[in-house]
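User: I am new to this structure and would like to know how its labels are earned. Could you walk me through the reasoning?

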Amino acid sequence: PVLYYWVAASLYTVTGPNEFSARAGAAASGVGLALVTWAAARRLWSTPRAAWLAGAIVATSFGCFAMARMALPDLPLAFFVTATIWAVLCATADDTTASRSWWLIAGLAAGLGFLTKGPLAVVVPALVLAPLAWFDRRKRHVRLSDVALSAAVFLVVGLPWYVAMTATHGVAYLQ
């Protein structure tokens, strides 16, 4: 998966090859993860205090803090997985016109996660969302057209790189 390396290479062209450029993608993902956690807590509990506490817990947790300082794609994957789950939960929470936007965000986050670390970006959200979908099936509003739209965005974002690499290197690339 290539996204993390594209980000680092892009920063290399701007700032030159240095530790900052190599680690900036992971650091930005750590900030993003704390912000997504804050936003999710804000929406779930509607209290600013709980939201700030949730965001602070993520930002100061050893795993997030340590991974944000390393040039690895693991924290970006955690950010994209969390963003995917949060977007689907927001999209299915109520039947508003904004739900379509949330489905687009879910597809984009899953596609970027797929480019960051491969199938885990789809498997982990599915493992979290499938039981929720089963137990909350009467409360959640899911239209097949919205899921298809999200899947289409995922495919447009995440699939071209894998198709190109498979065409260039054969099935061995996927293995």
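Analyst: Gladly! This is a predicted model. A good place to begin is Ser-29, which touches Leu-75, Pro-76 and Phe-79, leaving aside residues up to four places away in sequence. Ser-29 itself sits in helix H2, residues 19-45.

User: What makes Ser-29 count as buried?

Analyst: Its relative accessibility is 8%, and buried means under 20%. The value falls under that cut-off, so Ser-29 counts as buried.

User: Why is H2 called roughly parallel to H5?

Analyst: The axes of H2 and helix H5 (residues 74-93) cross at roughly 25° and come within 8 Å. Angles under 35 degrees count as roughly parallel, so H2 is roughly parallel to H5. The crossing of these two helices is left-handed.

User: Which residues of H2 and H5 meet?

Analyst: Among them are Gly-25, Ser-29, Val-36 and Arg-43 in H2, and Leu-75, Phe-79, Trp-86 and Ala-93 in H5. By class, the contact of H2 with H5 has 13 nonpolar, five polar and one charged residues.

User: What makes H6 oblique to H7?

Analyst: Helix H6 (residues 99-117) and helix H7 (residues 120-135) have axes that cross at roughly 125° and come within 7 Å. Roughly perpendicular covers 65 to 115 degrees and roughly antiparallel needs over 145, with the rest counted as oblique. The angle fits neither of those ranges, so H6 is oblique to H7. Ala-110, Gly-113, Phe-114 and Lys-117 of H6 make the contact with Leu-120, Ala-121 and Val-122 of H7. Those residues divide into five nonpolar, one polar and one charged.

Notes: Residues are numbered from 1 along each chain as its sequence is written. This is a predicted model: local features need pLDDT of at least 70, side-chain atom pairs count only at pLDDT 80 or more; totals for chains, interfaces and linings use all residues. Side-chain values use heavy atoms; hydrogens and water are left out. Helices (H or I, at least four residues) and strands (E, at least two) are DSSP runs, numbered from the N terminus. Buried means under 20% relative accessible area, exposed over 50%, partly exposed in between (1.4 Å probe, protein chains only). Contact means heavy atoms within 4.5 Å. Axes are lines fitted to C-alpha atoms, for helices over the stretch in contact, and angles run from 0 to 180 degrees between N-to-C directions. A crossing is left-handed if the near helix is turned anticlockwise from the far one by less than a right angle, and right-handed if clockwise. Ala, Val, Leu, Ile, Met, Phe, Trp, Tyr, Cys and Pro count as nonpolar, Asp, Glu, Lys and Arg as charged, and the others, Gly among them, as polar.
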